[in-house]
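Visitor: Please take a close look at the salt bridges in this chain. I would like the pairs, their distances and how open each partner is.

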Amino acid sequence: MKTLALTTKNQLILPKMGIMTNIVELSRHDFIYVKDLLKCEDVIYIKKDQNRFWNKDALAVFYKEFKLGYLNDSIAKVVNRLINKFGEINVTIKNLPKSSNPFSGIDILIKLI
C-alpha cells in the first residue's frame, strides 16, 4: 500500500468549488414582497445575523435590503468557516420555486471569489 505525503514546502492549490443549498424560513420574512422580482442568476448576499443570539453561526440571506430567510444551520457553519478563511463569497439564485407553492424554497449557489 502506498501513502501520499503532502509537503508543507509547496502551497497546496485546491479548486474553488461552490455549495448548492436552499434558503429556509421564507414565509417568516420579506420574501413575499420581492418574490415576483427575483429571477435566476440574481446576485444576493449573506450577512451574519447578530439578533439570533442562540445561534452564533446564523447567516441571513438578503436581496437588496429585503431579508429572504436563513441558511440552514449545518450549511451556515461551513459557509462561516469559508468566509473566515477565504474572505468574500459570491451568492446567486439558481432555481426559484414553482408558482403553485412560492414558499417551497429557493436554491442558491455559494462560490468563493
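Guide: What follows goes through the salt bridges, then turns to a nonpolar patch. The model is predicted. The count comes to seven salt bridges.

Start with Lys94 and Glu41. Their closest N and O atoms are 2.9 Å apart. This pair links distant parts of the chain, 53 residues apart. Lys94 sits in strand E5 (residues 89-95). Glu41 sits in the loop between H1 and strand E2 (43-48). Lys94 is partly exposed, because its relative accessible area is 25%. Glu41 also counts as partly exposed, at 48%.

Next, Lys39 and Asp42. Their side chains meet in a salt bridge at 3.4 Å, N to O. Asp42 has a relative accessible area of 11%, so Asp42 is buried.

Asp57 and Lys56 form another salt bridge, with the closest N and O atoms 4.0 Å apart. The two partners fall in separate classes. Asp57 is buried, with a relative accessible area of 15%, whereas Lys56 is exposed, at 67%. Elsewhere, Glu25, Arg28 and Arg52 are joined into one network by salt bridges that share partners.

Now the nonpolar patch. Ile32, Tyr33, Phe66 and Phe103 form it on the surface. Together they have about 400 Å² of accessible area. Ile32 belongs to helix H1 (residues 31-34). Its relative accessibility is 43%, so Ile32 counts as partly exposed. That value passes the patch cut-off, which asks for over 30%.

Note on methods. Residues are numbered from 1 along each chain as its sequence is written. This is a predicted model: local features need pLDDT of at least 70, side-chain atom pairs count only at pLDDT 80 or more; totals for chains, interfaces and linings use all residues. Side-chain values use heavy atoms; hydrogens and water are left out. Patches are made of residues with over 30% relative accessible area and no salt bridge: like charges are joined within 9 Å, nonpolar side chains (Val, Leu, Ile, Met, Phe, Trp, Tyr) within 5 Å. Accessible areas come from the Shrake-Rupley method with a 1.4 Å probe; for residues, only the protein chains shown count as cover. Helices (H or I, at least four residues) and strands (E, at least two) are DSSP runs, numbered from the N terminus. Buried means under 20% relative accessible area, exposed over 50%, partly exposed in between (1.4 Å probe, protein chains only).
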